[in-house]
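Let's take a walk through a protein chain and see how its pieces fit together. Keep the picture open while you read.

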Amino acid sequence: MSISKIRSLFENRGCQALLIVVGVLTAVGLTLPSACPGLGANGPDSGPQGATKIAEVAGVPVTSEAVFQQYQMAKQGQPSANSPMFELNTLGQSIDSAMRDAALKALASQKGLRVTDESAKKVVNQFLDEAFKTQRTRLIADKKLKEGATEAEFVEAFKKENNGRSPDEVRKDQVDSVAKGLTDPARKAGIEAEVLRTMVQDWYQASVSVTEEQVKASYDQLTVRRLTFQDPAKSAEANRKDAEAALSEAGGGANWAAVFAKNGKGQKDEPRPYGRAVMEGEEALQPLLELKAGGVTLIEEPGGVALYKLDKIESKPPADWETKKGELTEQYKRTQAMKKMESDIEAAVKAAVWRDEGYRLSAEAAKEWRQNFGKSPAEIRETMEALIKQIDAVQPSDGLSRQGLALAKYVAFDSFFNQLTPKEQADLREQQVASLQAVLEFTESPEIRLKVYDSLLASEDWEAAGEALLDAATHNGLFDSSGETQVAQIRKRLEAAEKAGKIEKAALDAVKKELSDWEARKKEDELARKEEEANQKKIESELDKLDETGAEPKEGQPKTKSN
């Protein structure tokens, strides 16, 4: 078997063994193994030409191109058809990521940190040290390496798993790849961002000071009781007033039982244990950390408000505390450093100066949609109608901004449209259809195409409804369970339309023909997939016949199993 054939087989197989070793690096986008052609670490396609400044974070500009690159990376591996909510959330997170990257650069600048060849090399080696530790643990778990194995034994086991390559060889390749990447415009920005992130993290960790008492206290167990004020029949303001009155009546905890009996219908007054570290990680529960045993406080929750009483605090350090307190202290120090860094990043992003309303509203709409949980229908409608007014007043600066605003307006409408009366829906029907069709300019969504049909049907626009149903059938390019679900939904509407007799028969016949064509294409797809599976099995079989080194015997050398 030729070397080119071996390389081809490994390309098809995916170089899984080597990817495990450098998984830490690939996860953060620093590099990909050079032994795996086709899996290069080039960044996403270039962003929009003439990228504009959409915001400033602590003096660092955030550009539309930076958002576009984040968006492209987030979209990799996702299906081509996603719900508009998912698409808006992806774009919103991409904007947030670009803002956070700018905040990180600002923090690095404030602390005098910058990426050099040496600092990049140091970070790569840090990642690889962790990757090799992970590989050792995996080899032991797989019974391919014994506990307490020497470094030489680990190297041999490593080489067997990684095409004969040693840890030192992998390390050299990765360090060289990153060094080369810093001279490659397509990779430089991504590498620098991750190296800088690690450098800032290291700075924060070096600046954090903790005591043994603080670390030991982090293992405390706090037992609390909870009384919610989240009556769906009341407004959020009314629920809050009830909670504030109950807090006053609780008398610092002395009257908790009476207050619970009065306000806790359908709830259980039971103890709930929390580890202090868990509580420190929950922003909403921070007020509890300020209480003494027996105290009561009001907590904001995603669904509304609640009263919490702190029953008791118990010290529960690990059984091996005395022997591992040094290691546990370092872990705690890293955690506190990360919290401080994240807090500073959040503060910088919150204080950002926006230069582009289209991007700002796209990010805000995604955030508002995520926060709708627990709000009353009236509150959701008020928030989203105000958002729609702002969106309608904005002129998008580029294609991504236009896409974000289209998604934002659709999501805003969808959040409250079904809560409206039939008369209110009828008055807004034209705007709803326009918002649905605007989304289809940017993303394929079977859900949206059927909503267009349903809305046109409700408007009694029979001709346009027939065209919309045909569009839904024509654009179904999926042959998996999602595609089958789409076909089932179309058939259901087709049968109802035939019974109603409002849409022209010719239009419905066109839909039937398209569904029949889809069935034929589905069969072709199944045959192609079976052929691909057979080809993959053949590739795997040929690879299994290779010897451990994967090399062919030299000319004149007998072909034995060992060579």
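## A helix and its neighbours

The buried residues of helix H16 pack against two other helices, H15 (357-370) and H17 (399-416). Keep in mind that this is a predicted model.

Which residues of H16 are buried? They are Ile380, Met384, Leu387, Ile388 and Ile391. These residues cover an arc of only 105 degrees around the axis, which puts them on the same side of H16. There's a simple rule behind such patterns: an α-helix has 3.6 residues a turn, so residues three or four places apart point the same way. Now turn H16 around: on the face away from its buried side you'll find Ala378, Glu382 and Lys389, which are exposed.

You can check the length of H16 too. Its 16 residues (377-392) should span 22 Å at 1.5 Å a residue, and the end C-alpha atoms are indeed 22 Å apart, so the two values agree.

## A little hairpin

Next, look at strands S1 (residues 53-57) and S2, which pair in the antiparallel sense over four bridges. Alanine 55 sits opposite valine 62 of S2. The two strands make a hairpin with two residues between them. In that loop lies alanine 58, and its phi is positive, about 50 degrees, even though alanine 58 is not a glycine.

How do the side chains alternate along S2 (residues 60-63)? Val60 and Val62 point to one face and are buried, while Pro61 and Thr63 point to the other and are not. That fits a general habit: in a regular strand the side chains alternate between the two faces of the sheet.

Another positive phi, about 60 degrees, turns up at glutamate 460, again not a glycine. Glutamate 460 lies in the loop between helix H19 (446-458) and helix H20 (462-474). With 55% relative accessibility, glutamate 460 counts as exposed, because the cut-off is over 50%.

## The greasy insides

The largest nonpolar core has 51 residues, and Val57, Val62, Val67 and Met99 have the most contacts inside it. Helix H5 (residues 84-110) gives the largest share of this core, 10 residues. Apart from it lies another core of 46 residues, among them Leu387, Leu405, Tyr410 and Leu469.

What does valine 67 touch, leaving aside its neighbours within four places in sequence? Its contacts are Ile54, Leu91, Ser94, Ile95, Ala98, Tyr359 and Leu400.

## Charges that pair up

Side chains of opposite charge can pair when their charged atoms come close. A search of the whole structure finds 49 salt bridges, and here are some of them.

| Pair | Closest N and O atoms |
|---|---|
| Arginine 100 and glutamate 342 | 2.3 Å |
| Arginine 165 and aspartate 173 | 1.9 Å |
| Glutamate 514 and arginine 521 | 3.2 Å |

Arginine 100 forms a salt bridge with glutamate 342. This pair links distant parts of the chain: arginine 100 is in helix H5 and glutamate 342 is in helix H14 (residues 321-350), 242 residues apart. At 16% relative accessibility arginine 100 counts as buried, whereas glutamate 342, at 24%, counts as partly exposed.

In the second pair, arginine 165 is buried with a relative accessible area of 15%, while aspartate 173 is partly exposed at 28%. In the third, glutamate 514 is buried at 15% and arginine 521 is partly exposed at 30%. Elsewhere, salt bridges that share partners join Arg138, Asp142, Lys144 and Glu161 into one network.

Technical notes: Residues are numbered from 1 along each chain as its sequence is written. This is a predicted model: local features need pLDDT of at least 70, side-chain atom pairs count only at pLDDT 80 or more; totals for chains, interfaces and linings use all residues. Side-chain values use heavy atoms; hydrogens and water are left out. The expected span of a helix is 1.5 Å times one less than its number of residues. Buried means under 20% relative accessible area, exposed over 50%, partly exposed in between (1.4 Å probe, protein chains only). The arc is that of the directions from the helix axis to the C-beta atoms. Contact means heavy atoms within 4.5 Å. Two strands pair if DSSP finds at least two bridges between them. A nonpolar core is a set of buried Ala, Val, Leu, Ile, Met, Phe, Trp, Tyr and Cys residues joined through side-chain atoms within 4.5 Å. A salt bridge is a side-chain nitrogen of Lys or Arg within 4 Å of a carboxyl oxygen of Asp or Glu.
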